[in-house]
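Colleague: I'm new to this structure and would like to learn how to read it. Could you walk me through it?

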Amino acid sequence: MSSELLNVGKCCFICSEVDFLPTSCPHCQNKFCKDHIPLEAHSCPLAHRTDSTDSFTKLQRCNLDGCNNLSLNASSSSSSEPTCTACQGSFCVGHREPVSHNCSFKEGAPKLPQRNETARALLSKNFAQPSSKTVVKRRIPAKPTDPAKLAQFRKLELMKLRQRAYPLDPKHQKWTIPVDQRRFFKASMDNKPTKDLWMEKSVITGKAFDLLIAQFEIQSTETQKYQLFYIAEAEQKEAPLRYDQPLADQVHDGGEVVFRIRE
């Protein structure tokens with residue numbers, strides 16, 4: 001442990017454990033950790049003196065029912081200040097956390113200033129803090145090379161596509177076209193996310209082209225620049241689609257079409 005941390009904290013008079021928020025006994029004035037601050041825990045020799053007892057009864061005690069320990073601020077100059085910023089109650093070291101005293105938040109309660117900023121700065125410096133943001137990346141499974149496994153892989157990917165896909169034609173709702181009359185496919189364009197779509201098998205590719213233009217928000221003045229291609233996975237090449245034929249006759253289930261600029 002860094003020597004800087006030891007300089008900030010205090011050793012408990014009983015167990016010598018370093019505590020960054022030690023509490024002083026109002027009677028013997030020694031510093032104790034949360035386990036030994038109760039009078040009976042450190043057998044305080046001055047706890048029963050008459051002059052000490054009078055001052056002890058005036059000190060703030062823990063507000064939790066059944067706990068008679070001193071408040072965390074009892075022996076400090078801020079003894080009248082609450083220790084919980086949420087419910088404004090005063091609690092001992094063991095019950096200072098909201099979860100330990102069943103905290104009931106009071107609306108509009110002012111926030112208390114942070115205590116012991118030096119200790120917090122050193123803790124942050126010496127101990128790594130977990131990141132509050134967790135980035136979840138979608139894992140793209142690699143295609144297997146074994147023919148049997150590849151067939152199973154494609155079947156599984158098609159099932160996922162059918163679950164994610166939405167109708168290319170906004171007029172078509174999922175319950176109006178039977179599943180066996182739909183063609184499920186992917187559509188992509190440079191610098192834009194790939195879309196998972198389905199359309200009726202009888203739709204001509206020319207109409208599908210117009211609907212895809214709207215999907216990718218291509219300006220009407222720019223449509224002549226683009227040609228729709230089908231990615232033939234088996235041959236690893238792109239083939240231009242004929243607009244006078246149904247799209248389903250040229251693209252199989254799970255296939256992908258892509259917009260390319262005409263050469």
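Modeller: Let's go through confidence, salt bridges, a buried charge and the cysteines.

Modeller: First, some ground rules: this is a predicted model, so local features need pLDDT of at least 70, side-chain atom pairs count only at pLDDT 80 or more, and totals for chains, interfaces and linings use all residues. Residues are numbered from 1 along each chain as its sequence is written, and side-chain values use heavy atoms, with hydrogens and water left out.

Colleague: What is the mean pLDDT of the protein?

Modeller: pLDDT is the predictor's confidence in each residue, from 0 to 100. Here the mean is 76, and 71% of the residues reach 70 or more.

Colleague: Which elements have the lowest and the highest mean pLDDT?

Modeller: Helices (H or I, at least four residues) and strands (E, at least two) are DSSP runs, numbered from the N terminus. Helix α2 (residues 50-58) has the lowest mean, 45, and β6 the highest, 94. Over residues 50-57 the pLDDT is below 50, and beyond near neighbours in sequence this stretch has nine contacts in the model (heavy atoms within 4.5 Å). Where pLDDT is low, the predicted coordinates should not be read in detail.

Colleague: How many salt bridges does a search of the whole structure find?

Modeller: A salt bridge is a side-chain nitrogen of Lys or Arg within 4 Å of a carboxyl oxygen of Asp or Glu. The search finds nine. One of them joins Glu157 and Lys160, at 3.7 Å from N to O. Both residues lie in helix α4 (residues 147-164), three residues apart, about one turn of the helix.

Colleague: Which parts does the pair Lys207 and Asp169 tie together?

Modeller: Their side chains meet at 3.9 Å, N to O. Lys207 lies in helix α5 (residues 205-215) and Asp169 in the loop between β5 (166-167) and β6, so the salt bridge ties together parts that are 38 residues apart in sequence. For accessibility, buried means under 20% relative accessible area, exposed over 50%, and partly exposed in between (1.4 Å probe, protein chains only). Lys207 is partly exposed at 45%, while Asp169 is buried at 10%.

Colleague: And where do Glu238 and Arg260 lie?

Modeller: Those two meet in a salt bridge of 2.7 Å, N to O. Glu238 is in strand β9 (residues 237-240) and Arg260 in strand β10 (residues 255-261), so this pair ties together parts 22 residues apart in sequence. Glu238 is partly exposed at 32%, and Arg260 is partly exposed at 26%. There's also a network of salt bridges linking Arg162, Arg183 and Asp253.

Colleague: What is the nearest side chain of opposite charge to Arg182?

Modeller: For charges, Lys and Arg count as positive and Asp and Glu as negative; His and the chain ends are not counted. Arg182 is buried yet has no salt bridge, and the nearest opposite charge, Asp180, is 7.5 Å away. Arg182 lies in strand β6 (residues 182-189). A polar atom of the Arg182 side chain does lie 2.8 Å from the backbone oxygen of Ile177.

Colleague: How many disulfides does the search find?

Modeller: A disulfide is a pair of cysteine sulfur atoms within 2.5 Å. The search of the whole structure finds zero. For Cys15, the nearest cysteine sulfur, that of Cys12, is 3.7 Å away. Cys15 is partly exposed, at 35%.

Colleague: Why is Cys92 not bonded to Cys67?

Modeller: Because its sulfur is 3.8 Å from that of Cys67, the closest cysteine sulfur, which is too far for a bond. Cys92 itself is buried, at 4% relative accessibility.

Key: Polar contact = N/O pair within 3.5 Å; in protein donor to acceptor, adjacent residues only side chain to side chain.
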